[in-house]
Amino acid sequence: MQRSPGDHLYFGTVGLLAGFTMLLLLAPTAVVLIISFTGGITLKFPPPSWSVRWYLELLKSDEIIQPAITSLKVAVLATIGSATLGTAAALGIARSKTRLARLLDSLFMSPMVLPAMAFGLSLLLVFNMLAIRLSLATLVLGHIIICVPFVIRMVGAAVQQLNPVLIDCSISLGASRWYTFRRITFPLIRRGIVAGCFVAFLSSFDNVPISLFLADARTEVLPIKLWAILEGSLDVRVAAVSGVIVIATLIGLILAERLGGLNRQMQSR
Amino acid sequence: MLLRSPAMKQMLPAMPLATLFLVTFVVPLLVLVFLSLFRTPQFLEMGPDQYVRFFSEGFSLQVLFDTLVLGVEVALLTLLLSYPLGLAYLAASPTGRTIITFLILLPLLTSTVVRTFAWIVILGREGIVNSTMLSLGLWDQPARLLYTWGGLVVALAQIQLPLMALPVINSLLRVDRNLMKAAEGLGASQLRIFFTVILPLTLPGAIAGWLLVFAAAVTAFITQTLVGGGRMILMPLYIYQQAMGVQEWPFAAALSLIFTVAVIGIVGVIGAVSRRFMRGIDAA
């Protein structure tokens, strides 16, 4: 078909903008990886020379490694907590049409809409009022609430695709509820659980608004520590931490994809 | 009795989480409302002083207004970038589509601090933009890009872009290709097809993304403080300063409630208006 000059201009503009957008999506991650191998002492781009000195420096930086370990601990505990409670809840409400089920669903989803800082502040105030000292446990509690919506959404989607006849069959053939869950329900919703865990882990590891209020000197977490470092100076070690996080996330993504077909879960959102 | 019905029994597994939410989510938020009604940080007398302070002080209102404007600007910019990307996705081969999906998911999966840090490297004095412009001879001295409003808007737009691109692409995929072919066959220009066929049919996705980006951008504490700088006070930093800095607990509580109501209000109103508007389109 003949295209008019106007259409050529349209396709050209769209293509150009699309290319620019793709570059924009890729650039920051690439930039972080490149700058983390700089041999210089500033964030000068392009790096004047190449080295792994900042990664080596990182190994010696206890004040960064400690928060990283805390962050991992919190994220693992919050993931286990939200995956257990969230999967149970999703099984309970995902297929129910009652008004209470809808109400609970909105309640469990609300941490996604609500500005999380208000929630973080409110938890801190309640703990203060009740004279509960901040600890790893209080931090994990806050993180669980934030991570649960992701689990419910992904597991809920899997539960809705589950054929209820299979469960009825298993029960009527004499299997116990627990056996049915283990042998029928769980294998069928496993993908949803894996995807939910993956996103829950990332959102806990990355969480700022809750940790900002609930983490103290003993439970300092990585994002807050990095933020504090960058507030003060443009420390190149942050580039090395970033490089580690990017690579670890990519490995995690590949693992989750193998285990649970994450790509499909993301696109079905 | 309804409570003993099988439907209730089926919901039993949800009860542990429901209890946890009640104790650590609903009650704390009610406590937040309660505490915002005290006159001083010593919690002695009650009164609406904090809210009076917020609405009578030009400064606080300005901070709220700036924050909401930031959200609107960032969301509009992501919208502008998402459509070309989505159209390219539609036209791309399966491999091309996989690459685009990967590119969109990549920033979504990298930590916020990392993405923000990248923008510090890009916008900094010796950053990519400055060194490119200087070496091309377009600028004769490095420009200040970090700690500016424009820099913040662009950085946030890039950081939140996946939230817009995913719903936009999803709704683009649902548009019937025959409609575009029909319009083309009838002689419509591509631009006209975009505005009369593609855009109206993908509006639900665009609005869904718009709301997600808006809500994410106004609450992005890390990016706001690091790319915007400490002197650019927006709601999240304001709340943090009042709570953790000067320990004005009641005022911090009131601020976070006002902010929450403003954000949820805007998201709710736009969501409701657009749903009504969509129904109009369906009927037509």
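Trainee: Hi! Which helix is B:I104 found in?

Mentor: B:I104 belongs to helix α5 of chain B, residues 94-109. Helices here are DSSP runs of H or I with at least four residues, strands are E runs of at least two, and both are numbered from the N terminus. Keep in mind that this is a predicted model, where local features need pLDDT of at least 70, side-chain atom pairs count only at pLDDT 80 or more, and totals for chains, interfaces and linings use all residues. Residues are numbered from 1 along each chain as its sequence is written, while chains are lettered from A and ligands numbered from 1 in the order in which they are written.

Trainee: Thanks. Is B:I104 buried or exposed?

Mentor: Buried: 24 other C-beta atoms lie within 10 Å of B:I104. A residue is called buried at 20 or more such atoms within 10 Å, exposed at 12 or fewer, and partly exposed in between, with C-beta atoms placed from the backbone.

Trainee: What is B:I104 in contact with, neighbours within four places in sequence aside?

Mentor: A:L25 from chain A, plus B:P162, B:A165 and B:L166. Contact means that the C-beta atoms, placed from the backbone, lie within 7 Å.

Trainee: And how far apart in space are B:I104 and B:L44?

Mentor: They are 52 Å apart, C-alpha to C-alpha, with their positions 60 residues apart in sequence.

Trainee: Switching to the chains: how many helices and strands are there in chain A?

Mentor: Chain A has 12 helices and 0 strands. Its radius of gyration is 23 Å, well over the 18 Å that the globule rule gives for 269 residues, so chain A is more spread out than a compact globule. That radius is taken over C-alpha atoms, and the rule is 2.2 Å times the number of residues to the power 0.38.

Trainee: What about chain B, how many helices there?

Mentor: Chain B has 13 helices, again with 0 strands. Its radius of gyration is 24 Å, whereas a compact globule of 284 residues would have one near 19 Å. Buried residues make up 45% of chain B.

Trainee: Where do helices from the two chains meet, and at roughly what angle do they cross?

Mentor: Helix α3 of chain A (residues 62-93) and helix α2 of chain B (residues 15-35) cross at roughly 120°, their axes coming within 7 Å. The axes are lines fitted to C-alpha atoms over the stretch in contact, and angles run from 0 to 180 degrees between N-to-C directions.

Trainee: Which residues make that contact?

Mentor: A:L85, A:G86, A:A88 and A:A89 on the α3(A) side, with B:P16, B:L17 and B:L20 from α2(B).

Note on methods: Contact = placed C-beta atoms within 7 Å.
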